[in-house]
Amino acid sequence: MDKFRMIFQFFQSNQESFMNGICGIMALASTQMYSAFDFNCPCLPHYNLAYGLGILLVPPFILFLLGFVLNNNISMLAEEWRRPQGRRGKDPSVLRYMFCSMAQRAMIAPAVWVSVTLLDGKCITCAFCTSVPLETLGNASHPRLSQGEIQRVLARIPCKEIYNGQQLIANEVAVRYLRCISQALGWCFVLLMTTLAFLVRSLRPCFSQAAFLKSRYWSHYIDIERKLFDETCAEHARSFAKVCIQQFFEGMSTDLVAARCQLPRKAPADAGEAAEKLLGITDQGTMNMALKSWHRCKPPLHLHPPALPTGNGWAGEGQPPTPTHSSAPRRETAAYYSWV
């Protein structure tokens with residue numbers, strides 16, 4: 001239990017660890033889904049291809065969309081992409097990093113499904129059983145059978161219990177041939193995915209490490225800022241509701257006293273604390289205006305005012321500000337510069 005608790009705490013440590021855990025669970029779930037799936041090939045010439053490729057491609061697409069749905073950052077990405085420019089600019093590199101990060105995690109479960117399906121070989125056997133080369137593996141010059149009848153016989157290869165074309169081609173030979181091709185494609189797919197992941201992990205720091213760190217930092221900042229804003233709004237809503245309820249009961253007690261009902265009155269101890277948390281926003285219209293203002297013109301990401309230009313040439317970013325006159329005693333400092 002301690003190990004499971006440590007793993008669970010690691011998944012909850014930050015957003016990336018949580019999403020990595022979700023993607024790992026989805027990958028395991030895709031494997032279990034395929035093992036529990038009852039594969040039944042229709043064994044008909046015009047339906048085998050659609051059924052086999054459908055089982056190979058449709059579930060990965062659903063798992064890919066499900067990976068986006070389970071990712072909490074998809075709503076944050078859409079909100080950041082669609083919000084007005086306002087007082088804060090939108091960085092396309094940050095949006096691109098967020099989308100690529102979600103897409104990479106969402107691709108894990110589909111890749112596992114495709115790999116397991118190809119290594120198993122049932123889908124390829126069902127989809128391409130009518131394309132078995134009879135000239136190499138079977139008896140292509142079999143009499144009494146037209147081309148349409150040969151296609152109908154070959155379409156029954158995945159259904160061993162109803163296959164009746166042993167004189168045309170042995171069922172075991174055709175299944176083994178198609179399964180070998182499917183497994184070769186599966187291992188090639190696994191090798192391709194592993195190589196791409198290795199190249200992305202190893203070559204990305206060599207070219208754009210600074211841009212990657214910048215995009216990653218600001219994507220984390222947007223996530224943390226959204227969480228803090230939600231917590232602040234929830235705290236304000238709690239304080240607003242508490243003050244409203246307290247005022248309601250105080251009004252009711254005043255009415256009862258006016259109706260000559262003697263009721264003990266005691267001022268709530270936390271009324272002042274709840275009122276302080278309202279931060280001056282005490283009506284619905286002001287709160288709605290604050291929420292709209294946050295969406296339309298978020299505050300700029302600059303905590304200090306910019307330095308004003310002066311006559312000695314100090315102006316702009318990365319330069320010391322001009323000293324202001326004050327009553328405090330002036331300190332004299334000496335700065336030593338070295339060209340080493």
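Reader: Which are α5 and α6 with respect to each other, roughly parallel or roughly antiparallel?

Author: Two packed helices are described by the angle between their axes and the distance between the axes. The model is predicted, so local features need pLDDT of at least 70 and side-chain atom pairs pLDDT 80 or more, whereas totals for chains, interfaces and linings use all residues. Residues are numbered from 1 along each chain as its sequence is written, and side-chain values use heavy atoms, with hydrogens and water left out. Here α5 and helix α6 (residues 108–120) pack at an angle of about 30 degrees, and their axes are 4 Å apart. The two helices are therefore roughly parallel to each other. Angles under 35 degrees count as roughly parallel, over 145 as roughly antiparallel, 65 to 115 as roughly perpendicular and the rest as oblique. The axes are lines fitted to C-alpha atoms over the stretch in contact, and angles run from 0 to 180 degrees between N-to-C directions.

Reader: Which residues of α5 and α6 meet?

Author: A contact means heavy atoms within 4.5 Å. On the α5 side the residues are Gln104, Arg105 and Ala106, and they meet Ile108, Ala109 and Pro110 of α6. By class, this contact holds 4 nonpolar, 1 polar and 1 charged residues. In that scheme Ala, Val, Leu, Ile, Met, Phe, Trp, Tyr, Cys and Pro are nonpolar, Asp, Glu, Lys and Arg are charged, and the others, Gly among them, are polar.

Reader: At what angle do the axes of α3 and α5 cross?

Author: Helix α3 (residues 48–70) and helix α5 (residues 92–106) have axes that come within 8 Å and cross at roughly 130 degrees. That makes α3 oblique to α5.

Reader: Is the crossing of α3 and α5 left-handed or right-handed?

Author: A crossing is right-handed if the near helix is turned clockwise from the far one by less than a right angle, and left-handed if anticlockwise. The crossing of α3 and α5 is right-handed. Leu63, Phe64, Gly67 and Phe68 of α3 make the contact with Phe99, Met102, Ala103 and Ala106 of α5. These residues divide into 7 nonpolar, 1 polar and no charged.

Reader: How many helices and strands does the protein chain have?

Author: Helices (H or I, at least four residues) and strands (E, at least two) are DSSP runs, numbered from the N terminus. The protein chain has 12 helices and 0 strands. Of its 340 residues, 26% count as buried; buried means under 20% relative accessible area, exposed over 50%, and partly exposed in between (1.4 Å probe, protein chains only). Among contacts between residues at least 6 apart in sequence, 76% join residues at least 24 apart. For a pair of residues distant along the chain, one may take Asp223 and Met76: they are 147 residues apart in sequence, with C-alpha atoms separated by 7.4 Å. Asp223 lies in helix α10 and is buried, at a relative accessible area of 12%.

Reader: How many disulfides does a search of the whole structure find?

Author: A disulfide is a pair of cysteine sulfur atoms within 2.5 Å. The search finds 2 disulfides, and with the bonded cysteines numbered in sequence order the pairing is 1-3, 2-4.

Reader: Which parts does the pair of Cys41 and Cys126 tie together?

Author: The disulfide of Cys41 and Cys126 has an S to S distance of 2.0 Å. With 75 degrees about the S-S bond, this link is right-handed. Cys41 lies in the loop between α2 (15–36) and α3 and Cys126 in helix α7 (residues 122–127), so the pair ties together parts that are 85 residues apart in sequence. Cys41 is buried, with a relative accessible area of 13%, and Cys126 is buried at 0%.

Reader: Why is the disulfide of Cys43 and Cys159 right-handed?

Author: This disulfide joins Cys43 to Cys159 with an S to S distance of 1.6 Å. The torsion about its S-S bond is about 90 degrees, so the disulfide is right-handed. Cys43 in the loop between α2 and α3 is thereby linked to Cys159 in the loop between α9 (147–154) and α10 (171–258), 116 residues apart. Both Cys43 and Cys159 are buried, with Cys43 at 4% relative accessibility. Cys43 also has a positive phi of about 60 degrees, although it is not a glycine.

Reader: Are Cys100 and Cys129 buried or exposed?

Author: Cys100 is partly exposed, with a relative accessible area of 34%. Cys129 is in no disulfide, and the nearest cysteine sulfur, that of Cys41, is 5.7 Å away. At 0% relative accessibility, Cys129 counts as buried.
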